[in-house]
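User: Please take a close look at one part of this model, the sheet and what surrounds it. A connected account would be appreciated.

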Amino acid sequence: MTSTIALVRHRVADFDAWKTVYDGYAPIQAEHGVQGHQALRSIENPNDVIVSHTFDSPEAARAFFAMPELKEAMSQAGVTADSVEISYFDEVEAGALVGA
């Protein structure tokens, strides 16, 4: 079974304030099909954020990001609305390179 990975890139007004709201949204993420996540913060610009979310299917991913409640939470977290870019990918391979 393959997974769908959604990559979301956006700017935030204040990373720490964004992270607080993001962390508080975890139960809703789980309830709506998010199986795993990763948050990345730019070294050059600490308010440039990329988040990945793993879903069972593209449909589940698209449904999650279409939720009005998510858009409201992102606004409350200080996300710059016009900076949001969402891309969807099929996971082809994952793993760790130990001793390679």
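**The sheet and its surroundings**

Analyst: In this predicted model, Ala-6 has Tyr-88 of β4 as its bridge partner. The two strands concerned, β1 (residues 4-11) and β4, pair in the antiparallel sense over six bridges. In general, strands of a sheet pair through backbone hydrogen bonds, in either a parallel or an antiparallel manner.

The wider arrangement is an open sheet of four strands, ordered β2-β3-β1-β4 and with antiparallel pairing. Its edges are formed by β2 (36-41) and β4 (85-90), each of which pairs on one side only. On average, and with direction ignored, neighbouring strands of this sheet are turned by 15 degrees against each other.

Two helices may be placed relative to these strands. Helix α1 (residues 15-24) lies across β1, β2 and β3 and runs at about 15 degrees to β3. Helix α3 (residues 58-65) packs on the sheet, where it touches β1, β3 and β4; the direction of α3 makes about 135 degrees with that of β3.

Within β3 (residues 48-55), Asp-48 merits a closer description. Asp-48 counts as buried because its relative accessibility is 13%, and the cut-off for buried is under 20%. The side chain of Asp-48 is joined to that of Arg-9 by a polar contact of 2.5 Å. Leaving aside residues up to four places away in sequence, Asp-48 touches Arg-9, His-10, Leu-40, Arg-41 and Ser-42.

Key
Residues are numbered from 1 along each chain as its sequence is written. This is a predicted model: local features need pLDDT of at least 70, side-chain atom pairs count only at pLDDT 80 or more; totals for chains, interfaces and linings use all residues. Side-chain values use heavy atoms; hydrogens and water are left out. Buried means under 20% relative accessible area, exposed over 50%, partly exposed in between (1.4 Å probe, protein chains only). A polar contact is a pair of N or O atoms within 3.5 Å; within protein, one must be able to donate a hydrogen and the other to accept it, and residues adjacent in sequence count only if both atoms are side-chain atoms. Contact means heavy atoms within 4.5 Å. Two strands pair if DSSP finds at least two bridges between them. Axes are lines fitted to C-alpha atoms, for helices over the stretch in contact, and angles run from 0 to 180 degrees between N-to-C directions.
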